[in-house]
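Subject: The structure we talked about

Hi,

Here is the structure I promised to pass on. Have it open while you read, and my notes will be easier to follow.

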Amino acid sequence: MSKKAGFLSVTLMAGLVAGNLGAVPMNVSAKGNDSNEIIVEPSSNKKDTPITNALKQATDGTVIYLKSGEYHEQLVIDKSNVTIKGLSENGQKPYINGEGLFSSKNDVVIKVKGSNVVIDNIEIKNFKSNGPSTSNVPIGIKVYDGVSRIKISNCDIHDTGVGYTKKSDDYNGHGILVTGYDEEHHTSTGVKGVVINNCHLYNLTLGNSEAMVLNGNVEDFYIYDNLVEKCDNIGIDFIGYENEKDIKENVKDKKLRAEYIENDSARDGFVYNNVVSGISSGSNCTYHGESCAGGIYVDGGHNIEIHDNYVEKSDIGIELASEHENHTTDKISVTNNILYKNNALAGISIGGSFDDKPTGYATNCIVSHNTVYSEDGTAFNIQRANDKTNVVTNNVFYAKSNANLYENEKTYTGNKIENNLVNKNEGPASSKNSKDIVDTSMKVSVDSSAKTASVSSKSYKSEFGGVITWNTVPSLIDANVSVPAFDEPATEPVADQPVDEEPSEPVVNDPVVDDPSTNDPVADDPITDNPDVNEPVTDEPVADVPSDEEPSWDIHTDSSFYTLDESDDTCKISFKKKKSENWEHVNIDFGDVDLSKYSTVKITVVPSRKSMNLGITNQDEDNPIFYRNHWKKEGKFTSAKKQTISVALTEENKNGLYLYFDATSNDTYKKSQTAEITDIWFE
């Protein structure tokens, strides 16, 4: 299986023609008469709307650059294939000051109503309502139903939300809201393909609502590398069935009504490498002093992986529940997270909600390899979760003297809870039924700065607890999930120096499709001159020049232990169990990768079963360097579904890698195993 350059990529050149922009408003300059780039600078007059003026001029593929400074306007992005990119200067992002902007007709700072939209490196602050309301909800960024491929990156949203003026239950506010239901027209087309990363949300007053939330018919999302802190309600939330009441009352067509309800759930997503801190409803007047806000909360969501996150000092660390009767939170995987001092209620909670009214359930949830440290409340809370498909295993649960190890309603004891390393003899139902490993002398310490946990126990093994791996790549939950092909933003330009290249952002006309093989990284964006000049830039567009080729790669083996089948444009590797360890390997040759251009190689693999071992080293059997060790926990696949492995490129491995698949005599699986490599690319 060999591959040369240009692997399923889309090249975006600065020469994309947008047509004549015509007269350009004040504070807006077009780069060239036919360019797809617009540079915007702030105005001292708060009544000016330079960004809105630029959006009116925007055409397909336009990139709008915001120069650093203060803006005072609300935006409606109702065109597709548009990027708004803030340019930092001396560490200061361009910011929208929302003070005085909120009104009953304008309760959102940035409305996203077009597809293929990127919002990058913008700050929003001081946008607040002025009292309780059931209909006017202050929101920093809102993504509306019916769009696809949306990316929100490097944005700061703070000191925004509801303005508490009196005691009332009618307060709601959001930092970022993605909604897959149109409440005005009672329709649900859905939102597909969402990336929210590297955003900082803090000091938000939220009433009954959430800092960052995906609500209803939203699918294929990636929420990673965000910091959410100091908010008075839920940090990151994934909601299902909250729109059911409105759908039942207002959608008359029976078939359509059933379809809307079935799809009314955030689903098929990944939540990883986020830090959540100081999330509590204790001071929120709508909660009347009750502290019950989750750092990361799945309320009726489906098919979501939550891994490698750090949550501390919140009411609940991670919660899997359903607030809606007869609906479940289903197929949620919570792995390799660290939950520290989430003392008000629980480190992890699973089941229904705390409401007196009937609520839903949790099913098919996997909670494994997490480390929970609780000083008060409970380490693991069970409520309305009573299903053997819920598996809680290989966690470290540490409860100090004031905290419970487990807390559960006695009727909900049907979950599979076993092989957790705990420091108290408290089983989920009773100590007599405990299947955990108890070490009352165990010590757990958490470094909140480094976001690491260490365990001292005579029973400790590497298979217990979580060790966060930052900058991880998620595995695909399902082969049919579509990955939004967004590049990461490039480094910000240095002040007072020429800018060689602006960040790469996706501008793709085609809709998101269900075949993941078509969703490869998008090539670099337009090359621009320095956007910080005072006069419009008049350089001619760059001609359409082919993008730099990616390194070549080739898969082969010299060992009879493996059989390679490359008949379907993938490489299926087959092997049988062996009597003892050996160094039989599959080769992936790269040639000679230019390390100044590429830092990582990524390999997408589908193992035939979970727990299969995979080792990865450089191509030197005499001096192997392990990037993935098949003799240790991190070398085992945790799922039999498609997943992407990332290896940092160095001088030692720039020519290629060795892959070692293990099925030893200790392996009880007697039939031949397979591992299918479907994709390799370089970043």
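Below is what turned up, going through strands and helices and then side-chain contacts.

One thing before the details: this is a predicted model.

**Strands and sheets**

Let me begin with β3, which spans residues 37-40. Its two faces are both covered, with Glu37 and Ile39 buried on one side and Ile38 and Val40 buried on the other. That fits a general pattern: along a regular strand, side chains alternate between the sheet's two faces. β3 pairs with β4 (residues 63-66) in the parallel sense, over four bridges, and Val40 stands opposite Leu66 of β4. To get from β3 to β4, the chain passes through helix α1 (residues 50-57), and this β-α-β crossover is right-handed. Helix α1 is itself largely enclosed by the rest of the structure, because six of its eight residues are buried. Those are Pro50, Ile51, Asn53, Ala54, Leu55 and Gln57.

Further along is β25 (residues 302-307), another largely enclosed element, since five of its six residues are buried. β25 runs parallel to β22 (residues 267-272), joined to it by five bridges, and also pairs in the parallel sense with β28 (residues 328-335), again over five bridges. His307 is worth clicking on: this residue of β25 is the bridge partner of Tyr272 and stands opposite Thr335 in β28.

For an antiparallel example, look at β41 (residues 443-447) and β42 (residues 452-456), which pair over five bridges. Asp447 has Thr452 as its bridge partner in β42. The hairpin these strands make has four residues between them, and Lys451 there takes a positive phi near 60 degrees. Lys451 also lies over the face of Tyr310, at 5.2 Å from the ring centre.

Then there is an open sheet of five strands, paired antiparallel in the order β44-β45-β52-β47-β50. β44 (563-565) and β50 (643-648) are the edge strands; each has a single partner, so one side of each is left without a neighbour in the sheet. From one strand to the next, the twist averages 30 degrees. Within this sheet, β47 (residues 600-607) and β52 (residues 673-682) pair over seven bridges, and Ile603 has Ile680 in β52 as its bridge partner.

**Salt bridges**

How many salt bridges does a search of the whole structure find? The search comes up with eleven. Two of the pairs to look at are in helix α2 (residues 244-250):

- Lys248 and Glu244 meet at 3.2 Å, N to O. They are four residues apart in the helix, which means they are separated by about one helical turn. Glu244 is buried, at 14% relative accessible area.
- Glu249 and Lys245 have their closest N and O atoms 2.8 Å apart, and they too lie four residues apart in α2. Glu249 is partly exposed at 45%, whereas Lys245 is exposed at 58%.

The spacing makes sense: an α-helix has 3.6 residues a turn, so residues three or four places apart point the same way.

Elsewhere, Glu651 forms a salt bridge with Lys654, with 3.1 Å between the closest N and O atoms. Glu651 is exposed, with a relative accessible area of 53%, but Lys654 counts as buried at 17%. Both belong to a network of salt bridges that also takes in Asp592.

**Aromatic rings**

The count of aromatic pairs comes to 18. In one of them, Tyr224 and Tyr272 have ring centres 5.0 Å apart and planes at 5 degrees, so the pair is stacked. Tyr224 is in β19 (residues 218-224) and Tyr272 in β22, so this contact ties together parts that are 48 residues apart in sequence. Tyr224 is buried at 10% relative accessibility, and Tyr272 is buried at 6%.

Phe380 and Tyr406 make a contrast: their ring centres are 6.2 Å apart and their planes are at 80 degrees, so that pair is edge-to-face. Phe380 sits in β34 (residues 378-383) and Tyr406 in β37 (residues 404-408), 26 residues apart. Both of these residues are buried.

Two last things to find: Phe561, Tyr562, Phe575 and Phe661 form one aromatic cluster, and the charged end of Lys113 sits over the ring of Tyr144, 4.8 Å from its centre.

Cheers

Terms used
Residues numbered from 1 in each chain as written. Predicted model: local features only at pLDDT ≥ 70, side-chain atom pairs only at ≥ 80, totals over all residues. Heavy atoms only, no water. Pairing = 2+ DSSP bridges. Axes fitted to C-alpha atoms, helices over the stretch in contact; angles between N-to-C directions. Buried < 20%, exposed > 50% of the residue type's maximum accessible area, 1.4 Å probe, protein only. Right-handed = clockwise from strand over helix to strand, strands pointing away. Salt bridge = Lys/Arg side-chain N within 4 Å of Asp/Glu carboxyl O. Phe/Tyr/Trp six-rings, centres within 6.5 Å; stacked < 30°, edge-to-face > 60°. Lys NZ or Arg CZ within 6 Å of the ring centre and 35° of its normal.
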